[in-house]
Amino acid sequence: MKAKSIKGKNAAEVRAALATAMADGFKPTVAIVFLEAELAHEEVCSVLSEKGIQVFGTSSGSNFTDGEIETNSVVILLLEIKQEYFQLKLATAGKGTTKEIAEEIGRAGLAAFRKPAFLIVSGGITADGDEIVDGIGNVCGKGTTLFGGMAADSLKMVRTYVFSNDGLTDNGLIALILDEDKISLSGMAIGGWRPVGIDHTVTHSNGNILYTIDNEPALQFISRYTGVKDFFGPDISNVILSANFQLQLQRENKHAVMRTPMYANPDDHSIVFAGSLPQGSKIRLSMLPGFEVIDEALREFTQYKNEQKEADALIMFSCAGRQVSLGPFVSDEINGIKEIWKAPMAGFFCFGEIGRVEKSTHEFHNMTCSLAILKEK
Amino acid sequence: MNPKFQIIYDLVTNAAELSDAEKELLLKAIKDADKTQTMTEFKLERLEKDRHTLSVMLEESIEDLQKKSAAIEESNRTLTQTLNDLKSAQAQLIHSEKMASLGELTAGIAHEIQNPLNFVNNFSEVSNELLDEMKTELDNGNTEEAKTLADDVKQNLEKILHHGKRADGIVKGMLQHSRSSSGVKELTDINALADEYLRLAYHGLRAKDKSFNAAMKTDYDESIGLIKIMPQDMGRVILNLITNAFYVVTEKKKLNMEGYEPVVTVSTKKVNDKIDVYVKDNGNGIPQKVLDKIFQPFFTTKPTGQGTGLGLSLSYDIVKAHGGELKVETKEGEGTVFIISMPVNQ
């Protein structure tokens, strides 16, 4: 499979970059598009549609093709995959739940291929990423290959969406379904956050909305730990994310997963997290790791290369919270990973990642750097 | 870029006096310095956030530890109280077990005391008659005859004293059995001790149940001599093993197996620097699943009310306290032998 990454600030720049990329006879069939949420997706789609390229698009904040973090731009990973090896599906939830449309995508995958693998991104800031994992798992089995994440909007927490050539939804999923017998989709997610302090209990929650911890209002709890007093300024989302308040959800007989607060609700002082926090579950606060976490991540990815030696293309879902926490150092992580496989890459800072930690099955995470590797067999 | 660095950057860019190579070098240095400053500022900001969170966590952890410490102290108090209660209950149980074994001995002891008492009574009666005869002889002036009779009375009184002491010894032994061990080892004839308890146990059972009968065999190694043991404690162990042996042979006898003759054998043997006391029965043996538990406290195969389940457990502890071992060898259907194995020089 041939792949190239391009970027631009607007449709015109994308058109020019696309022409350059295709000048050598490269004929992309799929474009993985990470588009700054406020840019016009139709114009970019139009450029790609002209060349018969199918679009797997998601709104993003900052995005990248290497360690240079782009703002107000679009980055695109162009893939030349045979038409019979993939299907693209944009599904809107309507009155259904995220899990139901994930199940619908799962069924479409099974109808199309003996062994489907899924790359899925969800639009909608209240969507619960766990439901995507559950939905696909329910239909295709828990071990099904699944990577992806949650669309972003530069930490504004106003509107995230996914799109294809046919349209856009801020309440649905975009899925690239691959024939895993022909294209391998592999990868891993690296966290590195360390739990600290004592166990706390989620005393009131509903899905990914957290109301109380140890019977203390969640926002008051965060305020106590972070020292942040005003969560309802003009840019609520930035306040809560930049507070660096991360929770680690403890699970029986399973490794813990990180949960990142997305935004606070001024009406009831609840907090919407990027993943579910079941009532009664145990949580621990997690401190920002030292910057050596980047070296550790690169070591683990280097080790993983022994397992997945070659890559045609790399797609990175790096948590927006990770960008906030690692600041300018996050570029070192992105560059380092790209250098390990030396393959074309595109990625964005998302609101939750679906990936595989170590040898576990694919799950919904926060605060990780999740890499999906494409390789034609 | 930091505004101050930006000023320098712009000045360098527009400086006509610098060559392109110099400009490139300087601009790269400015960019690097700007990057370093950005990263340092970021690190400082993060450290400040961490400092606040860590201080809250530290306070919280201290509070949590204090709570846990108080809970542990409370648990400790409860445990100490429970331990004291258990010790008290254990002491009471041990006493009960002693009393129970004493009960088993009562009939045997009565039988043993009866013999010397018979002697005392008989010799007293005979002496009384002899004294009457002596008075008659004295009245008749037969001094020599009277002296002979006085000698006979004297001999009788010596015999009365001997049997009185014998009864006294039995009563003292009984009291000793019921008392707590002094914990002091005394030079003891282990053969005599074993024999005494064999007879006491046998007569005790006979007194309770006239139909009880079992052959007693003994084989004592006379070369053992006196060994240092706590006689009350070791006597209790031997008695327990013998009583159990009589119990199992009686149970087997009840099965009316043709040609079965119950036999309990008590023997001792000195092997190098060890003394072994064997209590052997030809009962039904001990099944493996029972064998694993026989030394556990409160384990008994006897019907409810007939055994405390402490006999073998206490015996095990007593033998261990003597630096020895209590072993068991058994064969189902053929019988069991318990072996008390003690070092000679304890």
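1. Salt bridges across the interface. In this predicted model, zero salt bridges are found across the interface of chain A and chain B. Polar contacts are present there: five residue pairs, both residues at pLDDT 80 or more, make them across the interface of chain A and chain B. By class, the side of chain A that touches chain B has 12 nonpolar, nine polar and two charged residues.

2. Extent of the interface. The size of an interface is often given as the accessible area lost when the parts come together. For chain A and chain B the buried area is about 1,700 Å², and 67% of it lies on carbon and sulfur atoms. Three residues, I198(A), Y225(A) and M287(A), account for 34% of what chain A buries against chain B, more than any other three residues. Counted by contact, 23 residues of chain A meet 15 residues of chain B.

3. Elements on the chain A side. Two or more residues each come from β14 (194-206), α5 (218-226), β21 (282-287) and α8 (320-326) of chain A, on the side that touches chain B. Of these, β14(A) gives the most, with four residues.

4. Salt bridges over the whole model. The count over all chains comes to 27 salt bridges. Side chains of opposite charge can pair when their charged atoms come close. Three of the pairs in chain A are taken up in the next points.

5. D24(A) and K2(A). These two side chains form a salt bridge at 3.8 Å, N to O. D24(A) sits in the loop between α1 (11-22) and β2 (30-36) of chain A, while K2(A) belongs to strand β1 (residues 2-8), so the pair ties together parts that are 22 residues apart in sequence. D24(A) is partly exposed, at 49% relative accessibility, and K2(A) is partly exposed too, at 39%. The pair does not stand alone, since salt bridges that share partners join K2(A), K4(A) and D24(A) into one network.

6. K89(A) and E104(A). Here the salt bridge has an N to O distance of 3.7 Å. K89(A) is in strand β7 (residues 86-92) of chain A and E104(A) in helix α3 (residues 98-112) of chain A, so this pair ties a strand to a helix across 15 residues of sequence. Relative accessible area is 25% for K89(A), which is partly exposed. E104(A), at 34% relative accessibility, is also partly exposed.

7. E363(A) and R251(A). Which parts of chain A does this pair link? The side chains meet in a salt bridge at 2.6 Å, N to O. E363(A) lies in strand β25 (residues 362-365) and R251(A) in strand β17 (residues 246-251), distant parts of chain A that are 112 residues apart. E363(A) is buried, because its relative accessible area is 9% and the limit for that class is under 20%. R251(A), with a relative accessible area of 21%, counts as partly exposed.

8. Helix α7 of chain B. Which residues of helix α7 (residues 311-321) of chain B are buried? They are G311(B), L312(B), S313(B), L314(B), S315(B), I318(B) and V319(B). An α-helix has 3.6 residues a turn, so residues three or four places apart point the same way. After α7(B) comes G323(B), which has a positive phi, near 75 degrees.

Conventions: Residues numbered from 1 in each chain as written. Chains lettered and ligands numbered in written order. Predicted model: local features only at pLDDT ≥ 70, side-chain atom pairs only at ≥ 80, totals over all residues. Heavy atoms only, no water. Salt bridge = Lys/Arg side-chain N within 4 Å of Asp/Glu carboxyl O. Buried < 20%, exposed > 50% of the residue type's maximum accessible area, 1.4 Å probe, protein only. Contact = heavy atoms within 4.5 Å. Buried area = accessible area lost by both parts, 1.4 Å probe. Polar contact = N/O pair within 3.5 Å; in protein donor to acceptor, adjacent residues only side chain to side chain. Nonpolar A, V, L, I, M, F, W, Y, C, P; charged D, E, K, R; others polar.
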